[in-house]
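Trainee: I would like to go through the labels on this model. Can we set each one against its cut-off?
Mentor: Yes. Have the sequence and the structure open.

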Amino acid sequence: MENNLPENSSSFNKQDANDNNSYTLTSLPTEESPNVATEEKSAHIEDQKADEIENTEIEPEIQYTLETALQDVDRLLPTLCALKGDNEDGSPDIPEFVEKFLDLVEESILKHESAESKLIWGQGDTASFLDSVDRISKLNNSIAELKPNSKHSLLINRVCSIQQRAMSFLEDEFRILLEECRTVEAEQSDAANLKEKQQGDVETNTENSKFPGYSSPPQIISTLNRIAKEMISGGYESECCQVYMMARRHVFYETLSKLGYEKMSFDDVQKMQWEALERDIPTWIKTFKECANVLFSNEHKLAQEIFNHYPSISATLFTNLTRGVVIQFLNFAEAVAMTKRSAEKLFKFLDMYETLRDSLSSIGTLFPEQCAKELRTETTITRCRMGEAAICIFCDLENSIKSDTGKTPVPGGAVHPLTRYIMNYLKYACEYKDTVEMVFKEHSKIERADSTSRPRTYDGAGQSSVNQEAAEMENQSPFSSQLMRVMDLLDASLEAKSRLYRDISLSCIFMMNNGRYILQKIKGSAEIHGVMGDTWCRRKSSNLRNFHKGYQRETWTKLLGCLSHEGLTSHGKVMKPVLKERFKSFNTMFDEIHKTQSTWVVSDEQLQSELRVSIQAVMIPAYRSFLARFSQVLDPGRQTEKYIKFQPEDIETYIEELFDGNPASMARRRV
């Protein structure tokens with residue numbers, strides 16, 4: 001019985017043209033042939049050799065090349081696949097050209113392994129070399145599936161040896177090409193960075209950011225793809241993936257290092273001082289964003305391009321490479337969230353919260369479904385912990401206000417440091433308004449045990465205004481409500497601090513200073529103004545007007561009493577002794593007011609101007625009228641100079657010197 005296997009190659013003794021690329025191969029006999037037949041066969045073989053020698057002398061020798069051998073192997077492989085282990089009559093002979101093919105492949109490997117003939121991918125015979133490795137793998141699989149035969153064992157061993165040698169060579173080349181990608185890209189990146197520095201562009205251009213290895217020439221990516229395909233199809237998937245992972249992991253962490261990011265354990269972060277950690281957080285944010293928006297995406301594309309024939313392998317490699325990096329980022333964020341909480345950490349926490357929130361969607365689309373689900377869950381948990389820490393820090397503002405119980409008043413009634421701190425803190429926090437609103441909504445159930453929830457009502461706020469504000473508060477977000485509580489506590493604290501001043505007038509100045517500072521901060525920020533609302537601002541302005549009236553009543557109303565006409569006349573005649581005492585009292589009181597209140601501080605120029613104008617509007621007309629009416633009563637000369645120390649213009653000038661925070665000497669001025 002005959003089987004379809006070739007005996008000789010196309011360059012040796014080929015079958016008749018009518019066979020059309022098919023071969024006839026005789027199975028090995030199952031029993032020994034008779035001696036006569038053996039002798040006849042030997043004679044026949046000798047005649048054939050003689051004919052071959054004769055033909056050789058006449059016809060030129062045909063060269064058998066690797067390309068020709070590949071064609072023969074391609075015709076042989078379908079036949080071997082068809083036979084496999086089903087040949088009952090014996091195992092077929094393997095054509096002689098297979099050994100020749102193996103010789104040629106060995107020669108090719110040896111040549112490319114030598115330094116003198118180093119393989120240049122994309123040029124020369126690289127395609128035929130990879131084709132020959134592919135046929136070696138297929139030949140190995142096909143022969144191994146034939147019916148076991150001792151004659152095939154030697155061939156199988158040789159094919160396996162050649163395949164192993166070829167795969168070892170490809171593994172080295174795969175590693176070298178990946179390294180070359182890294183080197184070329186690193187040089188391009190350094191040149192780009194130098195150009196940016198020379199142009200003064202310090203911002204990162206995300207669109208121009210390239211991941212090392214991905215922007216390599218297309219022929220290198222194509223070669224890496226072909227090598228990966230041959231190694232995996234040849235049974236060397238593990239070796240191929242290991243080389244790829246080692247090379248890409250090295251490149252990835254080298255890239256993170258260039259961005260300034262260094263891996264830190266949970267304990268390392270916990271032990272760091274906040275000053276050092278505060279410097280590392282911007283680097284973490286920058287690197288995380290770069291990974292989420294650029295690096296992960298490009299790494300995903302690179303794995304897909306090189307392993308496009310094997311999507312599952314591509315996904316696994318990408319996941320194994322980048323998932324650990326994401327976990328590192330999340331561990332850092334969790335460690336930061338669990339550090340000792342303090343007010344100055346709030347804004348860094350919010351920055352990290354925003355980074356985790358914004359990067360979640362872009363990361364989730366790159367990973368396989370199950371892995372993406374796990375990472376989304378882990379990221380959400382970390383983000384919630386960061387948000388919870390931010391809320392606790394913000395709520396600690398209440399404790400900061402309550403704990404400020406100093407008994408020393410601020411000199412000159414100036415703006416209290418607590419007011420500056422709280423308002424600047426709130427103003428900065430409201431720049432994160434959307435984020436903070438989101439955090440409070442997600443964690444609206446978190447309430448501080450010592451939080452004050454009942455709004456306070458201050459003098460000057462009408463009941464209708466309070467009712468209107470209460471109606472507004474019903475629709476407020478959790479963040480807005482918390483902000484209102486902080487403002488109420490601050491107002492209450494300032495009222496308590498105002499009572500530290502013995503001078504009621506100075507107490508009013510203190511409340512005006514702080515109230516105006518608060519109001520200006522709120523009006524100057526659209527975010528915080530939007531939270532507090534117009535009703536609150538109107539109530540605050542009304543309080544300021546009341547304190548202004550209180551100041552004028554305590555200071556200038558008493559002085560105006562010296563200029564009253566009441567009690568100066570008796571029976572239609574001015575009593576000089578009483579008049580002299582009035583001028584004397586006025587001079588003394590005004591001198592004291594000027595001496596004292598010129599040291600008081602009103603830093604807001606508008607408030608300072610309003611106070612001076614309102615004082616002048618009251619004092620100048622009254623003093624001018626009093627002077628015009630009674631100055632003639634005094635004797636001209638020394639008596640007039642003794643009791644009338646100020647002219648209306650002097651009063652106006654001295655009023656302009658009030659609230660500067662600098663003591664002025666009237667005596668020195670008059671000299």
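Mentor: Start with Tyr261. Leaving out residues up to four places away in sequence, Tyr261 touches Leu256, Thr283, Trp284, Thr287, Gln328 and Phe329. Keep in mind that this is a predicted model.

Trainee: Where is Tyr261 found?
Mentor: Tyr261 sits in the loop between helix H7 (237–258) and helix H8 (266–271). The C-alpha atoms of Tyr261 and Asp280 are separated by 8.0 Å. Along the chain, these two are 19 residues apart.

Trainee: Why does Tyr261 count as buried?
Mentor: Buried means under 20% relative accessible area. Tyr261 has 7% relative accessibility, so Tyr261 counts as buried.

Trainee: What makes the pair of Trp284 and Phe332 stacked?
Mentor: Two numbers are needed. A pair of aromatic rings is described by the distance of the centres and the angle of the planes. Centres must lie within 6.5 Å, and planes under 30 degrees apart count as stacked. For Trp284 and Phe332 the centres are 6.0 Å apart and the planes are at 20°, so the pair is stacked. Trp284 is in helix H9 (residues 274–306) and Phe332 is in helix H10 (residues 311–337). The pair links distant parts of the chain, 48 residues apart. Trp284 and Phe332 are both buried.

Trainee: Why is the pair of Phe296 and Phe367 called edge-to-face?
Mentor: The cut-off for that label is planes over 60 degrees apart. The planes of Phe296 and Phe367 are at 80°, with ring centres 6.5 Å apart, so the pair is edge-to-face. Phe296 lies in helix H9, and Phe367 in the loop between helix H11 (346–364) and helix H12 (369–403). The pair therefore ties together parts that are 71 residues apart in sequence.

Trainee: How do you know whether Phe296 and Phe367 are buried or exposed?
Mentor: Apply the 20% limit again. Phe296 has a relative accessible area of 0%, so Phe296 is buried. Phe367 has 7%, so Phe367 is buried.

Trainee: How many aromatic pairs does the rule give?
Mentor: The count comes to 28 aromatic pairs. There is also an aromatic cluster formed by Trp556, Phe586, Phe590, Tyr623, Phe646 and Tyr654.

Trainee: Now the helices. What makes H12 roughly parallel to H16?
Mentor: Two packed helices are described by the angle between their axes and the distance between the axes. H12 and helix H16 (residues 478–498) pack at about 10°, with axes 10 Å apart. Angles under 35 degrees count as roughly parallel. H12 is therefore roughly parallel to H16. On the H12 side the contact is made by Phe394, Cys395, Leu397, Glu398, Ile401 and Lys402. The H16 side includes Phe479, Leu483, Val486 and Leu489. By class, the contact of H12 with H16 divides into nine nonpolar, two polar and three charged residues.

Trainee: Why are H17 and H20 called oblique?
Mentor: The axes of helix H17 (residues 504–523) and helix H20 (residues 605–630) cross at roughly 140° and come within 10 Å. Roughly antiparallel needs over 145 degrees, and roughly perpendicular runs from 65 to 115. H17 and H20 are therefore oblique to each other. The crossing of H17 past H20 is right-handed. H17 contributes Ile509, Met512, Asn513 and Arg516 to the contact, and H20 contributes Gln606, Leu607, Glu610 and Leu611. The contact of H17 with H20 has four nonpolar, two polar and two charged residues.

Trainee: What makes Thr640 partly exposed?
Mentor: Partly exposed lies between the 20% and 50% limits. Thr640 has a relative accessible area of 23%, so Thr640 is partly exposed. Thr640 is in helix H21 (residues 638–643). Leaving out residues up to four places away in sequence, Thr640 touches Leu634 and Asp635.

Trainee: What is the sign of phi at Phe659?
Mentor: Phi of Phe659 is positive, near 70°, in a residue other than glycine. Most residues other than glycine have a negative phi. Phe659 is in the loop between helix H22 (648–655) and helix H23 (666–670). At 1% relative accessibility, Phe659 counts as buried.

Trainee: And the whole chain?
Mentor: The protein chain has 23 helices and four strands. Of its 671 residues, 45% count as buried.

Key
Residues are numbered from 1 along each chain as its sequence is written. This is a predicted model: local features need pLDDT of at least 70, side-chain atom pairs count only at pLDDT 80 or more; totals for chains, interfaces and linings use all residues. Side-chain values use heavy atoms; hydrogens and water are left out. Axes are lines fitted to C-alpha atoms, for helices over the stretch in contact, and angles run from 0 to 180 degrees between N-to-C directions. Helices (H or I, at least four residues) and strands (E, at least two) are DSSP runs, numbered from the N terminus. A crossing is left-handed if the near helix is turned anticlockwise from the far one by less than a right angle, and right-handed if clockwise. Contact means heavy atoms within 4.5 Å. Ala, Val, Leu, Ile, Met, Phe, Trp, Tyr, Cys and Pro count as nonpolar, Asp, Glu, Lys and Arg as charged, and the others, Gly among them, as polar. Buried means under 20% relative accessible area, exposed over 50%, partly exposed in between (1.4 Å probe, protein chains only).
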